[in-house]
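User: I am new to this structure and would like to learn how to read it. Could you take me through it feature by feature?

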Amino acid sequence: MRITVFHAALYAALACTSISAAYAGFGNGNGNGNGNVGVGNGNGNGNMNSGIGNGNGNGNGNWGGFSGNANGNANSGLANGNGNGNGNYGLGNGNYNGNANTGTLNGNANGNGAPDANGNIGYGNGGTGNIGAYNGRGNSSSTSGNNNIGALNGNNNGGMFNGNGNIGSFNGNGNGNP
């Protein structure tokens, strides 16, 4: 069979589809590399993840040089490689954490500065017990926006008991408002 331009284009499209499928999923690679000050901070985080809720909230809020790099990459499964390499001060901190995990809830919350008074780990978290970045902010009740893993979970909820225990990104926001 003669290979035509059509066949070549079809094979190339199929190859691209299979490659992109290897990194498919939902809620992966969000909220990485934010709020860093200095030189060479927060690079190469949250790449090549597949599954649900992997590689979120890494490499944020570092001050100094060469901190919070290459975290939360190449994970597959559920809620792996989140909240690593955040909140470090100085030089060469919080690098190469939470990579190449398979399964559930592996490689989270490594290589971070001290957690805040409410037991949050990462950058820009409110509430209690959140891991990652920008979780549990802007809630009207202390019972909302707690124990989330990833990025941008459990924010701007009204009422009580909203936006808790989410894994991934962009979950449990804007509930219970008038």
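Analyst: Start with one residue. This is a predicted model, and in it Y134 has a relative accessibility of 23%, so Y134 counts as partly exposed.

User: Where does Y134 lie, and what is its ring paired with?

Analyst: Y134 sits in the loop between β9 and β10, and its partner Y123 is in strand β8, residues 121-123. The two are 11 residues apart, and the pair links distant parts of the chain. Y123 has 27% relative accessibility, so Y123 is partly exposed.

User: Why is the pair of Y123 and Y134 called edge-to-face?

Analyst: Look at the angle between the ring planes. Planes over 60 degrees apart count as edge-to-face. Here the planes stand at 85° and the centres are 5.6 Å apart, so the pair of Y123 and Y134 is edge-to-face.

User: How many aromatic pairs does a search of the whole structure find?

Analyst: Two. The other is W63 with Y89, and that pair is stacked. Its centres are 6.1 Å apart, with 5° between the planes. For stacking, the planes must be under 30 degrees apart. W63 is in strand β4 (residues 63-65) and Y89 in strand β6, 26 residues apart.

User: Are W63 and Y89 buried or exposed?

Analyst: Use the cut-offs: buried is under 20% relative accessible area and exposed is over 50%. Y89 has 62%, so Y89 is exposed. W63 has 41%, so W63 is partly exposed.

User: Now the whole chain. What pattern does the protein chain follow along the sequence?

Analyst: Read the elements in order. The chain has one helix and 11 strands. The helix comes at the start of the pattern, and the strands follow.

User: How much of the protein chain counts as buried?

Analyst: 42% of its 178 residues. The chain exposes about 8300 Å², and carbon and sulfur atoms supply 60% of that area. Contacts add another view. Take those between residues at least 6 apart in sequence: 53% of them join residues at least 24 apart.

User: In what order do the four strands of the open sheet stand?

Analyst: To read a sheet, follow its strands from neighbour to neighbour. The order here is β1-β3-β5-β7, with parallel pairing. The edges are β1 (25-26) and β7 (102-104). Each has a single partner strand, so one side of each is left without a neighbour in the sheet.

User: How many bridges join β5 to β7?

Analyst: Three, and these strands run parallel. Strand β5 covers residues 76-78. One bridge you can find pairs L78 with T104 in β7.

User: L78 is also in a surface patch. Which residues make that nonpolar patch?

Analyst: F26, I52, L78, L105 and I167 make it, and the patch covers about 440 Å². Check two of its members. F26 is in strand β1. With 54% relative accessibility, F26 counts as exposed. L105 lies in the loop between β7 and β8. Its relative accessible area is 46%, so L105 is partly exposed.

User: What is the phi of L105 near?

Analyst: First the general idea. Most residues other than glycine have a negative phi. Now the case here. The phi of L105 is near 60°, a positive value, and L105 is not glycine. A100 also has a positive phi, of about 60°, and is not a glycine. A100 is in the loop between β6 and β7 and counts as exposed, at 57% relative accessibility.

User: Is N101, in the loop between β6 and β7, buried or exposed?

Analyst: N101 is buried: its relative accessible area is 18%, and the cut-off is under 20%. Next, ask what touches it. Leaving aside neighbours within four places in sequence, its contacts include A74, N75, S76 and N106. Distance in space is another check. N101 and A79 are 22 residues apart in sequence, yet their C-alpha atoms are 9.8 Å apart.

User: What is the relative accessible area of N148?

Analyst: 0%, so N148 is buried. N148 lies in the loop between β9 (131-133) and β10 (149-151). Beyond neighbours within four places in sequence, N148 is in contact with several residues, among them G129, I131, N153, G163 and N166.

Conventions. Residues numbered from 1 in each chain as written. Predicted model: local features only at pLDDT ≥ 70, side-chain atom pairs only at ≥ 80, totals over all residues. Heavy atoms only, no water. Pairing = 2+ DSSP bridges. Patch = residues over 30% accessible without salt bridge, like charges linked within 9 Å, V, L, I, M, F, W, Y side chains within 5 Å. Areas by Shrake-Rupley, 256 points an atom, 1.4 Å probe, with all protein chains shown as cover. Salt bridge = Lys/Arg side-chain N within 4 Å of Asp/Glu carboxyl O. Buried < 20%, exposed > 50% of the residue type's maximum accessible area, 1.4 Å probe, protein only. Contact = heavy atoms within 4.5 Å. Phe/Tyr/Trp six-rings, centres within 6.5 Å; stacked < 30°, edge-to-face > 60°.
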